[in-house]
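Biologist: I should like to request a close look at a single part of this model. Please describe that part first and then place it beside other parts of the chain.

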Amino acid sequence: MSKIKVGIVGGTGYTGVELLRLLVSHPQVSIAAVTSRAEQGKRIDDIYPSLRGRIDLAFTEPSVEVLGECDLVFFATPNGVAMKMVPTLLQQGVRVIDLAADFRLKDVQTWQEWYGMEHACPELLEEAVYGLPELNREAVESARLVANPGCYPTAIQLGVLPLMRAGLCNGTIIADAKSGVSGAGRQAQVGSLLCEAGDSFKAYAVSGHRHLPEISQGLGMMAGDAPELVFVPHLLPMIRGIHATTYVSVPDRSVDLQQLFENCYKNEPFVDVLPAGSHPETRSVRGSNICRIAVHRPGNGDTVVVLSVIDNLVKGAAGQAVQNFNIMYGLEPALGLEQVPLSP
Ligand SMILES: NC(=O)c1ccc[n+]([C@@H]2O[C@H](COP(=O)([O-])OP(=O)(O)OC[C@H]3O[C@@H](n4cnc5c(N)ncnc54)[C@H](OP(=O)(O)O)[C@@H]3O)[C@@H](O)[C@H]2O)c1
């Protein structure tokens, strides 16, 4: 099989360079174009010496002509960028994986309310496939356009999927989630400065975060009716990682939850259900595409607590995008994704 030609729009951002880290080792990929408006003309390995000897390209401007030569284009750009180029690329026969939120929500009104802009191609929302492979693998296989999930939604949805599929959730789901600072991207902003985010801890967007409608939509895909969701994100003074603690009322005691989770994920290469009583750590997944999960029923009460951890830049973004890429091209699921997490 000849190599698949890919382009990356937004190659200087954190998810863009993470895509590069993964794709330079992917045996079926040839990287044809990597864009940055600010750094165009500069060699990629001048900006990211971590890639010296692994890629011999310079950043280019994002042009549909160049990207149109690719088989697939990854958009690692802010919300609202991909939607302006995707219709033309699809017309040219290019497949697309968008790491931003442009195609994640099915309802255009909801999208416009949460993202505060007009959608440039609402006619593509129905066709776009929500790329959480553990939920939607079959649709991803034949997709032209994949909406890669958000980082919090990945950790939270994988945590509740077994319970939702089994119809065990009763009442409001409470997701209390924490992210490292790289979740906010590489652009300069005061809240991401070391002296602002370091040695401190806070919640944000309690009254409403853009990932809320995405998670609710995913819950609906799992079980028809989406339960009420309370989602509280927090900023952690670390670089990578998400830890989600999700509280679900499950009065039914007849199901062995450990068994339920293990069965649900037994064929999933990137979800690791830990032994009963475990407490997953973000550093146990650092740099890898793995989501580690533990399920608890404290004091044998009605509330089940699910702990799930991912690396926001890998399973929460670039790694999941490569996982979707492998599925779209019928490749081995773990191709380019076999990294063991970094420890310490
Ligand atoms: N960071 C995470 O953990 C994470 C996780 C899941 C999903 N996401 C999503 O993934 C996307 C990228 O996130 P990130 O953290 O990598 O962002 P980032 O670090 O801010 O990088 C953004 C990239 O997009 C390029 N860009 C910005 N505006 C552009 C435009 N109008 N046209 C073309 N390129 C443009 C930038 O380069 P130039 O300005 O030089 O062109 C840069 O390379 C976002 O939508 C984010 O919500 C991020």
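**A close look at Pro133**

Modeller: Pro133 has a relative accessibility of 1%, and it therefore counts as buried, since buried means under 20% relative accessible area. Please bear in mind that this is a predicted model. Pro133 lies in helix 6, which covers residues 133–141. Setting aside neighbours within four places in sequence, Pro133 is in contact with Lys315, Gln320, Gln323, Asn324 and Ile327. Another residue, Asp311, is separated from Pro133 by 178 residues in sequence, and the two lie 16 Å apart in space, C-alpha to C-alpha.

Ile174 may be set beside this buried residue. Ile174 belongs to strand 7, residues 173–179. Its relative accessible area is 37%, and it is therefore partly exposed, as this term covers values between 20% and 50%. Together with Val230 and Tyr247, Ile174 makes a nonpolar surface patch of about 210 Å².

Strand 1 offers a further view of burial. This strand, residues 4–9, is mostly covered, with 5 of its 6 residues buried. Strand 1 pairs with strand 2, residues 29–35, in the parallel sense over 6 bridges. Within this pairing, Val9 stands opposite Thr35 of strand 2. Helix 1, residues 14–23, joins strand 1 and strand 2 in making a right-handed β-α-β unit. Strand 1 also runs parallel to strand 3, residues 72–75, and 4 bridges join them. There, Val6 has Leu72 of strand 3 as its bridge partner.

Notes: Residues numbered from 1 in each chain as written. Predicted model: local features only at pLDDT ≥ 70, side-chain atom pairs only at ≥ 80, totals over all residues. Heavy atoms only, no water. Helix = DSSP H or I, 4+ residues; strand = E, 2+ residues; numbered from the N terminus. Buried < 20%, exposed > 50% of the residue type's maximum accessible area, 1.4 Å probe, protein only. Contact = heavy atoms within 4.5 Å. Patch = residues over 30% accessible without salt bridge, like charges linked within 9 Å, V, L, I, M, F, W, Y side chains within 5 Å. Areas by Shrake-Rupley, 256 points an atom, 1.4 Å probe, with all protein chains shown as cover. Salt bridge = Lys/Arg side-chain N within 4 Å of Asp/Glu carboxyl O. Pairing = 2+ DSSP bridges. Right-handed = clockwise from strand over helix to strand, strands pointing away.
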